[in-house]
Amino acid sequence: MPRAWAGAAAVGAVCSLTALSTESHAQTTATLDLGISTVRYDGFLSSGAAALAPSIRWERPGASLTAQGTYLRFESGNASIQGTVTGSLFSAPTRRWRGQVLGAVGGSSYAEFASFHHSIGEVRLHRLGRRSGAWIGGSVGRAALGGAPRPVSGFTAAGWAQGAGVQLFASATRAVVGDTAFSDLEAAARAHRGALVLEGYAGARVWSRGGGQGVYGEGSATIRLRETLALVLSGGRYPTDPIRGSISGRYAAVALRLHSPAALRPPPRDLPSSAPLTASDGTSEPAARLEVLSQGDRAVRFTVRAPAAELVEMAGDFTDWLPVALVRAASSAEVWEVVVRIPSGIHRIAVRIDGGAWIVPAGSRRAEDDFGGEVGIFVVP
């Protein structure tokens, strides 16, 4: 199954963005992927497999705990099982710097004759900005094949940036597992527009001793079908992982993803949600005024009047609370707009101007969300 954005990029970028939050409420999200795939491990013939991949995540600002697993049933009747539990804890922020401690334990087995397990601890130092950041980290631990444990150590330097509905991530990692050593250079990107999320990463393994070499990469497209259902298409090539016991290979997969309702997720908050709704000069003019116009066939036009803005973004339950950038209207430099396909009903929204705080726009009804913050409410007929 893919590790594209759900791998190193997610841990680096998402943890960095989570560190900026000031909310104090916890949330739990869960997904379950049901699919089929074709897998070809290097040196072996390709094989079809049925796949089951559950995941559950508990998080609150400054802490998170994630458990995920994968079960593959191959044409031969053999089965592969993998599972990992990861925890993360951030220190209190000091200006733009923040420390982080991570721990992960996991294991895998194949056909009852090959089993791996690992336990890794990592410390990171983050430099955080509104739209970009970087971190360095070092890790130590142990990994074992059967009953023969090997020491693990590593060092990573990474950076991320986001804007206009796109997130970018790059990293360089050096890892040593027993007498195996290798370096990975990776870059990842994530883009979201309406019901479509595109994710991908590319990497190169260099300076390797026993860990293989070459380029690799994976990509996926997630298409939201309903609030709790999505179609996921993915494929690519991944490298050998001496820590988790997987060998390099290629795959293509299609899956249905069941996930907890987006309505249970809070709006993103890079800064406190109590930012004023008035203009910066103290006048009574709202910082953002929203108009929502249904155009039929589930197409909805969002128009935001934001005087002097250079960037306008919105997020809502209909975007899975991922930011969507609006474009400046041809009719006025103060008006921004975007058309999104969403179902009829009651929806929640927040707006961000020039990378500032997420606010409730004028023109929507203010309401408390499930996590103690505030969102705007509007209705699509």
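**Exercise 1. Classify R328, then follow its salt bridge.**

Let's begin with exposure: at a relative accessible area of 38%, R328 is partly exposed, because that class lies between buried (under 20%) and exposed (over 50%), using a 1.4 Å probe and protein chains only. Before going on, note that this is a predicted model, where local features need pLDDT of at least 70, side-chain atom pairs count only at pLDDT 80 or more, and totals for chains, interfaces and linings use all residues. Residues are numbered from 1 along each chain as its sequence is written, and side-chain values use heavy atoms, leaving out hydrogens and water.

Next, find the partner: R328 forms a salt bridge with E310, with 3.9 Å between the closest N and O atoms. The rule asks for a side-chain nitrogen of Lys or Arg within 4 Å of a carboxyl oxygen of Asp or Glu. R328 sits in strand 19 (residues 327–328) and E310 in the loop between strand 16 and strand 17 (312–316), 18 residues apart. Strands (E, at least two residues) are DSSP runs numbered from the N terminus. With 60% relative accessibility, E310 counts as exposed.

**Exercise 2. Work out what the E313 and R352 pair connects, and whether its members are buried or exposed.**

Start with the distance: the closest N and O atoms of E313 and R352 are 3.0 Å apart, in a salt bridge. Then place the residues: E313 belongs to strand 17 and R352 to strand 21 (residues 345–353), so the pair ties together parts 39 residues apart in sequence. Finally, check exposure: both E313 and R352 are buried.

**Exercise 3. Do the same for R301 and E337.**

Their side chains meet in a salt bridge of 3.3 Å, N to O. R301 is in strand 16 (residues 299–305) and E337 in strand 20 (residues 335–341), so this pair ties together parts 36 residues apart in sequence. R301 is partly exposed at 26% relative accessibility, and E337 is partly exposed at 23%. To round off, the count comes to 11 salt bridges, and D42, R237 and R250 are linked in a network of them.

**Exercise 4. Which residues and strands make the nonpolar surface patch?**

List the members: I36, L196, L198, I223, L225, L233, V254 and L256 make a patch of about 620 Å². Now map them: strand 11 (196–209), strand 12 (214–226) and strand 14 (249–259) each give two or more residues. Take I223 as one of the members: I223 lies in strand 12.

Terms used: Patches are made of residues with over 30% relative accessible area and no salt bridge: like charges are joined within 9 Å, nonpolar side chains (Val, Leu, Ile, Met, Phe, Trp, Tyr) within 5 Å. Accessible areas come from the Shrake-Rupley method with a 1.4 Å probe; for residues, only the protein chains shown count as cover. Helices (H or I, at least four residues) and strands (E, at least two) are DSSP runs, numbered from the N terminus.
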